[in-house]
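Me: I am new to this structure and would like a close look at a single part of it. Please choose one helix, describe it carefully, and then place it among its surroundings.

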Amino acid sequence: MATSTFLRANRMARALPGPSSKLFSIPLCRASSANVGILQTVRNVPKGGSVAGTRRMTTAYGGEPGDGRAGLEDISYLPHRTRLPGGRAVEVGPFRESEWRTGMDLMNLIIREGRSWPFEEEFESVESYRGYFLSHAAFVVRSVDAGVDAMGNASPPGDVMGCFYVKPNFPGRCSHVCNGGFITAPNHRRAGVARIMGRLFLVLARDLGYKSSYFNLVFKSNPASVALWESLGFERVAVLERAARLKGVEGLDTAYGYRFDLESLDDDFYLNEPNGVPPNKKTNDPPSEIMIQ
């Protein structure tokens with residue numbers, strides 16, 4: 001498939017999120033954090049299932065344990081391979097069952113850090129973690145080959161570098177507005193992982209049928225996160241003062257709300273580097289190998 005049409009084929013297969021189609025229900029991490037407020041999501045049985053008595057409500061802090069693959073049957077470009085700025089090949093794809101525990105460990109680590117998410121209590125079981133992080137569509141950034149992490153230690157193939165999810169921010173008539181939660185593994189921070197997740201999040205959210213994305217709690221004390229979302233074109237549309245009691249922050253921190261109009265996302269958004277130069281001209285990689293800077 002030509003470079004200019006890579007990822008484009010999926011647009012024809014997209015289904016709108018709503019009570020009669022896909023299963024849709026949210027927060028984010030250091031250097032890529034956009035934590036979310038309380039919400040509820042109407043989750044109806046898909047077409048062909050029984051409707052009576054099956055509608056359920058879930059919140060950002062709960063849900064039904066899933067495998068993170070809801071709605072991904074029409075996404076043909078996963079797993080997607082790309083490269084970090086340092087040249088190391090990585091793969092972005094749905095969670096594997098063997099990675100569920102690793103995902104929970106990363107989530108609990110972020111909770112203990114107390115700087116990027118509103119949670120204070122850790123997840124006690126993989127099932128409870130799956131009910132939160134894997135209830136809808138969730139993804140892992142993993143290494144393709146052996147290398148070294150950002151701390152100079154050995155990093156094997158399949159090393160989980162980061163993870164994120166895409167879920168509705170609101171129920172019912174507003175379920176076309178999504179949110180995402182992002183975690184970068186501590187030993188892979190400042191290596192370009194967060195930017196890969198952020199850029200692919202926008203493409204995946206659009207191709208899952210969402211019309212816009214809204215991040216409720218991007219903390220002022222996390223300048224790397226603020227800079228990331230603004231560099232990707234998110235618009236700051238809300239300021240909530242005295243919103244969070246975070247570790248290492250004196251007083252109550254301010255939170256920003258960020259919105260992105262997914263219907264305005266260009267087809268070639270992910271294929272072009274931030275300066276607009278097609279990556280192939282510089283790296284000679286095939287279309288599925290994109291250098292993100």
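Reply:

**Helix 3 and its surroundings**

In this predicted model, 15 of the 15 residues of helix 3 are buried, so this helix is largely enclosed by the rest of the structure. Buried here means a relative accessible area under 20%. The 15 residues of helix 3, at 1.5 Å a residue, should span 21 Å, and because the end C-alpha atoms are 21 Å apart, the expected and the computed span agree. Helix 3 covers residues 193-207, and just after it comes Gly209, which takes a positive phi of about 105 degrees.

The setting of this helix is a protein chain with five helices and 13 strands, in which buried residues make up 54% of the 293 residues. The accessible surface of the chain comes to about 12700 Å², and 50% of that surface belongs to carbon and sulfur atoms.

In soluble globular proteins, nonpolar side chains tend to be buried together. The largest nonpolar core of this model has 40 residues, and Phe139, Phe201 and Phe234 are those with the most contacts inside it. At least two residues of this core are supplied by each of several elements, including strand 4 (89-94), strand 5 (137-143), helix 3, strand 10 (212-219), helix 4 (223-231) and strand 12 (253-261). Helix 3 gives the most to this core, with 10 residues. To see how one of the core residues is surrounded, consider Phe234, which touches Phe201, Leu202, Ser213, Phe215, Trp229, Tyr258, Arg259 and Phe260, when residues up to four places away in sequence are not counted. Apart from the core that contains Phe234 lies another core, of 22 residues, among them Trp117, Phe123, Tyr132 and Val160.

Helix 1 offers a second helix to set beside this one. At 1.5 Å a residue, the 14 residues of helix 1 (residues 100-113) should span 20 Å, which agrees with the 20 Å between its end C-alpha atoms. The buried residues of helix 1 are Trp100, Gly103, Met104, Leu106, Met107, Asn108, Ile110 and Ile111, and these buried residues pack against helix 2 (126-133), strand 8 (160-168) and strand 9 (177-184). An α-helix has 3.6 residues a turn, so residues three or four places apart point the same way. After helix 1 comes Gly114, with a positive phi near 70 degrees. In the loop between helix 1 and helix 2 lies Pro118, which counts as partly exposed because its relative accessibility is 33%. Pro118 and Ala244 are 126 residues apart in sequence, yet their C-alpha atoms are 7.2 Å apart in space.

Two cysteines can be added to the picture: Cys163 counts as buried because its relative accessibility is 1%, and Cys178 is buried with a relative accessible area of 0%. A search of the whole structure finds zero disulfides.

A last place to look is the loop between strand 3 (80-83) and strand 4, where Arg88 is found. With a relative accessibility of 12%, Arg88 counts as buried, and a polar atom of its side chain lies 2.8 Å from the backbone oxygen of Ser155. Leaving aside neighbours within four places in sequence, Arg88 is in contact with residues including Thr82, Asp145, Gly147, Ser155 and His188. Of these, Gly147 is 59 residues from Arg88 in sequence, while the two C-alpha atoms are 7.4 Å apart.

How values were computed
Residues are numbered from 1 along each chain as its sequence is written. This is a predicted model: local features need pLDDT of at least 70, side-chain atom pairs count only at pLDDT 80 or more; totals for chains, interfaces and linings use all residues. Side-chain values use heavy atoms; hydrogens and water are left out. Helices (H or I, at least four residues) and strands (E, at least two) are DSSP runs, numbered from the N terminus. Buried means under 20% relative accessible area, exposed over 50%, partly exposed in between (1.4 Å probe, protein chains only). Accessible areas come from the Shrake-Rupley method with a 1.4 Å probe; for residues, only the protein chains shown count as cover. The expected span of a helix is 1.5 Å times one less than its number of residues. Contact means heavy atoms within 4.5 Å. A nonpolar core is a set of buried Ala, Val, Leu, Ile, Met, Phe, Trp, Tyr and Cys residues joined through side-chain atoms within 4.5 Å. A disulfide is a pair of cysteine sulfur atoms within 2.5 Å. A polar contact is a pair of N or O atoms within 3.5 Å; within protein, one must be able to donate a hydrogen and the other to accept it, and residues adjacent in sequence count only if both atoms are side-chain atoms.
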